[in-house]
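Ready for a few exercises? Have a go at each task by yourself, then walk through the solution underneath.

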Amino acid sequence: MNHVRLTAEQAGPLTTYQDRGRPGLMRFGVPLSGPVDRLALATANTALGNPPGATAIEVSGGGLTLAGGASPIDFALAGGDFTAAIDGNRIGSDIVATLPAGARLTIRDGSAGNWACLAIGGRIIAPAWLGSTATHALAGLGGGRISAGDTIIVEATPPRFDTPVPLPPPPSDDGPIRVVIGPQERFFDPEALEFLTTAPWRIGAAFDRMGIVLDGPPLVPTSLAMLSEPLVRGTFQVNGSGTATVLLADHQSTGGYPRIATVISADVDRLAQLRPGTPIRFTTIPATEAIAIARRRHTAIAAYLATVANPASFEDRLRGSNLIGGVVDAADPD
Amino acid sequence: MLVAMETPASAWPNYRPLADIALLVEFGDTAEPAIHNRVIAFDAAIGAAKLPGVLETVPSYATLMIHYDPVATDYYALKTAITSLANAARAAQTTPTEHVIPVCYEADNAPDLAAVAEQRGMSVESVIAQHLSGDYRVYMYGFAPGYAYLGGVPASLDLPRKPVPVRSRPVGSVMIAGGQCIVTTLPMPTGWWVIGRSPAAILRPESPKPFLFDPGDRIRFRRIASFDAP
């Protein structure tokens, strides 16, 4: 394998190595971690022929500038509307391309999204902790944060994308964010439960890998007297002053604030991608419907990734058929 | 810590769906050994049953979180399967592992020991004796990797957290607050009272068993004269 060394010339504060994460350890206080936008990681890796959960670089609003190494590398960028440029020439968003030896790759946050994944063809060599390179940002465990001056070492596969190839658009949904009420709805007045779905909410100014704060009506719990218990990704919890937070990839494994609802798995990552100030609405659905949605989404994502796995033919397909539209439709009935 | 709930005690356990990803089983709403024993027994029974679609389980004081793959199973199938395990869980005779954890209470390693003694109106030696007298149980992990919440702190040492967290304490800090004790595994900000330091490695990433304690394990502390870094 050809080892290529890339240099980070500039990196936003939330730039980290991420892989699929470390499942099975929440009972020991270890969150899953991994990418905030899980489909972005799978897409970027799949487009390059890497395993879908392989180590990649998660980029946030601060962007990332890399100086290429002694040999060319392939890369794929997915998630949000982050843009890539090679030596200052913008090549687009959601794209697969080759970075020539010595060239500069600049990732910027574009018009939408808080998180993107940059995968590199081959294998990124990063420190593992408990079997995963995913960075647990609070503790600094795993591959860790990437800062200006850091070197990224890659066992690179031979480059294949001299001409950049756009990725097909992923299954998407612009509807309200769907939640299942509970498990601590009994800690809230009926009025608060009504506010959850009737009030105009906005994405708050504060977010990180642990969670995203929401601006909306104060949903003050009627009591805070509850024991700490396990948390899940998508938990909609409210602290004593009524501040609402939805928990993301690095969430603590347990907590003691009342949880009014849980965002369904199909909607957590798209909620995390909405920028501060974006208006949002919540709608409640029963658990049975949430499970049916998860199954439909699983099928739609499998179909999408199968298309992504053969990027050389994207452009032909885009020109010659409506397959891409069909994939999007598969996720729409929700 | 008693919590008013609509559900009568006889209705335990309660089952609650967390969207499409998890099922929460509630066995009570207080931190007490009898309820925690049920959590641990259910956790063991579910682990042994190897139910299809179950991804991981997370025990806590009075509840058990069961994460599942919604493509492989669903809330109702899982609830039915778990309900049928109730008898197995009741019959399970769990023999918890006991650990003896060394603690150095010497002043350099116990920055809050004097303040705890002052607030509880007792001598430093009495605080140490009280802490050593406790019969501790691992109720759950939380907050950060390897942070095990140990219940069983004598009531004489019950203190609320500090109003403002202290930036960082070294790994192995033995700290108390709210009737709980934690031996830290990572340097994290904390509002708990640090009364000693232990060389015991609770988080061992290179070990085949990276976490020394399992939920339900029993702990006793043993005094050592000086702290030797592991």
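## Exercise 1: The core

The largest nonpolar core has 167 residues, and the members touching the most others are A:Ala44, A:Leu77, A:Leu118 and B:Ile195. A nonpolar core here is a set of buried Ala, Val, Leu, Ile, Met, Phe, Trp, Tyr and Cys residues joined through C-beta atoms within 7 Å. Before going on, note that this is a predicted model, where local features need pLDDT of at least 70, side-chain atom pairs count only at pLDDT 80 or more, and totals for chains, interfaces and linings use all residues. Residues are numbered from 1 along each chain as its sequence is written, while chains are lettered from A and ligands numbered from 1 in the order in which they are written.

**Task.** Find which element gives the most to this core, then list what B:Ile195 touches.

**Solution.**
- Step 1. H4(A) gives the most, with eight residues. Helices (H or I, at least four residues) and strands (E, at least two) are DSSP runs, numbered from the N terminus.
- Step 2. Leave out residues up to four places away in sequence, and B:Ile195 touches B:Tyr105, B:Ala110, B:Asp112, B:Leu113, B:Val116, B:Val127, B:His131, B:Val174, B:Met175 and B:Ile176. Two residues are in contact if their C-beta atoms, placed from the backbone, lie within 7 Å.

## Exercise 2: Two helices

**Task.** Work out how H1(A) lies relative to H4(A), and which residues make the contact.

**Solution.**
- Step 1. Take helix H1 (residues 38-47) and helix H4 (residues 287-308) of chain A: their axes come within 8 Å and cross at roughly 30 degrees. Axes are lines fitted to C-alpha atoms, for helices over the stretch in contact, and angles run from 0 to 180 degrees between N-to-C directions.
- Step 2. That crossing makes H1(A) roughly parallel to H4(A). Angles under 35 degrees count as roughly parallel, over 145 as roughly antiparallel, 65 to 115 as roughly perpendicular and the rest as oblique.
- Step 3. H1(A) brings A:Leu39, A:Ala42, A:Thr43, A:Thr46 and A:Ala47 to the contact, and H4(A) brings A:Ile301, A:Leu305 and A:Val308.
- Step 4. Sorted by class, that gives six nonpolar, two polar and no charged residues. Ala, Val, Leu, Ile, Met, Phe, Trp, Tyr, Cys and Pro count as nonpolar, Asp, Glu, Lys and Arg as charged, and the others, Gly among them, as polar.

## Exercise 3: Where the chains meet

**Task.** Describe the side of chain A that touches chain B.

**Solution.**
- Step 1. Chain A puts 37 residues into the contact and chain B puts in 41 residues.
- Step 2. On the chain A side, strand S17 (229-230), strand S21 (259-263) and H4 each supply at least two residues.
- Step 3. H4(A) has the largest share, seven residues.
- Step 4. By class, this side of chain A has 22 nonpolar, eleven polar and four charged residues.

## Exercise 4: A sheet in chain A

**Task.** Give the strand order of the open sheet and name its edge strands.

**Solution.**
- Step 1. Seven strands of chain A line up as S7-S6-S9-S4-S1-S12-S11, with antiparallel pairing. Two strands pair if DSSP finds at least two bridges between them.
- Step 2. Strand S7 (89-93) and strand S11 (122-125) of chain A are the edges, each pairing on one side only.
- Step 3. From one strand to the next, the twist averages 25 degrees.
- Step 4. S11(A) runs antiparallel to strand S12 (residues 151-156) of chain A, and four bridges join them. A:Arg123 has A:Glu155 as its bridge partner in S12(A).

## Exercise 5: Two positive phi angles

**Task.** Is B:Ala19 buried or exposed, and what about B:Lys50?

**Solution.**
- Step 1. B:Ala19 sits in the loop between S1 and S2 of chain B. Those strands form a hairpin with three residues between them.
- Step 2. B:Ala19 is not a glycine, yet its phi is positive, about 45 degrees.
- Step 3. B:Ala19 counts as buried because it has 31 C-beta neighbours inside 10 Å. A residue is buried if 20 or more other C-beta atoms lie within 10 Å of its own, exposed if 12 or fewer, and partly exposed in between; C-beta atoms are placed from the backbone.
- Step 4. B:Lys50, in the loop between helix H1 (33-49) and strand S3 (54-59) of chain B, has a positive phi near 45 degrees.
- Step 5. B:Lys50 has 7 C-beta neighbours inside 10 Å, so B:Lys50 counts as exposed.
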